[in-house]
Amino acid sequence: MPLLHTLLRLPARVLYLALFATAIGLLGFGLYLQHVKGLEPCPMCIMQRYAFLGVALIALVGGVHGPARTGSRVYAALIGLGALTGGSIAARQTWMQLYPPEIPECGPGLEFMLESFPLGEALPMIFRGAGDCAAVDWTFLGLSIANWSLVTFSATVAFALWMLVRREP
């Protein structure tokens with residue numbers, strides 16, 4: 001219990017830098033799966049990466065800034081919004097994996113969409129997904145990448161909520 005008590009009392013700067021390191025580690029693992037293991041991400045995966053990147057960048061700014069109580073709450077709220085966005089995408093992909101549509105909703109690949117359509121038309125298609133978003137190509141402990149992403153985003157939302165209500169030591 002003393003270790004948990006010590007961790008809970010760390011300054012906001014340290015906690016935000018730890019979140020930054022965690023998010024960058026997750027992004028790095030995704031790139032490893034893509035470039036070393038050959039797992040091509042679908043657009044829903046790409047959008048989750050953008051959400052992780054947004055969370056990481058906000059956490060980095062919060063860690064470098066070392067905010068006081070009000071600033072810490074602003075960073076926590078922004079991190080929470082980013083995590084909710086990514087979590088909703090991960091939840092949708094998890095749903096698609098559990099209940100695959102009879103007709104794939106994902107459409108053409110991300111690269112094709114960006115090369116073939118103006119950005120204004122491609123973005124809505126990206127949010128709908130492309131490739132096979134319902135496919136489960138990799139699992140760890142019985143959970144897919146989308147499942148782990150949902151777990152991680154949920155933990156990040158919990159972290160953000162905790163940072164919103166905690167008393168600065």
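Q34 lies in helix α2 of this predicted model. At 16% relative accessibility, Q34 falls under the 20% limit and therefore counts as buried. Beyond its neighbours within four places in sequence, Q34 is in contact with L39, E40, P41 and R49.

Helix α2 covers residues 12–35 and packs against helix α7, residues 145–165. The angle between the two helices is about 170 degrees, and their axes lie 12 Å apart. An angle over 145 degrees counts as roughly antiparallel, and α2 and α7 are therefore roughly antiparallel to each other. On the α2 side, the contact is made by A12, L15, Y16, L19, L26 and L33. On the α7 side, I145, T152, T156, F159, W162 and M163 take part. Of the residues in this contact, 10 are nonpolar and 2 are polar. No charged residue belongs to the contact of α2 with α7.

The overall fold was examined next. The secondary structure of the protein comprises 7 helices and 2 strands. From the N terminus on, the order of elements is α-α-α-α-α-α-β-β-α. The protein has 169 residues, and buried residues make up 38% of them. Among contacts with a separation of 6 or more, 76% join residues 24 or more positions apart.

The largest nonpolar core has 19 residues. Within this core, the residues with the most contacts are Y16, L19, I79, F153, F159 and M163. Four helices each supply at least two of the core residues: α2, α3 (43–65), α4 (69–98) and α7. Apart from this core lies another, of 7 residues. Its members include M44, C45, M47 and I89. Y16, L19, F159 and M163 also take part in the contact between α2 and α7.

F153 has contacts in several places along the chain. Not counting residues up to four places away in sequence, F153 touches Q48, A51, F52, G82, A83, G86, G87 and A90. One of these partners, Q48, lies in helix α3. Q48 has a relative accessibility of 4% and so counts as buried. Leaving aside neighbours within four places in sequence, Q48 is in contact with G86, I89, A90, Q93, A146, S149 and F153. Among these, I89 is a member of the core of 7 residues.

G80 lies in helix α4. With 10% relative accessibility, G80 counts as buried. Its contacts, leaving aside neighbours within four places in sequence, are V157 and A160. G80 and S154 are 74 residues apart in sequence. In space, their C-alpha atoms are 9.4 Å apart.

The cysteines were considered last. The structure holds 0 disulfides. C42 counts as buried, at 6% relative accessibility. C45 is in no disulfide. For C45, the nearest cysteine sulfur is that of C42, 3.5 Å away. A disulfide requires the two sulfur atoms to lie within 2.5 Å, so this pair does not qualify. C45 is buried too, with a relative accessible area of 19%. C45 is also among the residues of the core of 7.

Notes. Residues numbered from 1 in each chain as written. Predicted model: local features only at pLDDT ≥ 70, side-chain atom pairs only at ≥ 80, totals over all residues. Heavy atoms only, no water. Axes fitted to C-alpha atoms, helices over the stretch in contact; angles between N-to-C directions. Parallel < 35°, antiparallel > 145°, perpendicular 65-115°, else oblique. Contact = heavy atoms within 4.5 Å. Nonpolar A, V, L, I, M, F, W, Y, C, P; charged D, E, K, R; others polar. Buried < 20%, exposed > 50% of the residue type's maximum accessible area, 1.4 Å probe, protein only. Core = buried A, V, L, I, M, F, W, Y, C linked by side-chain atoms within 4.5 Å.
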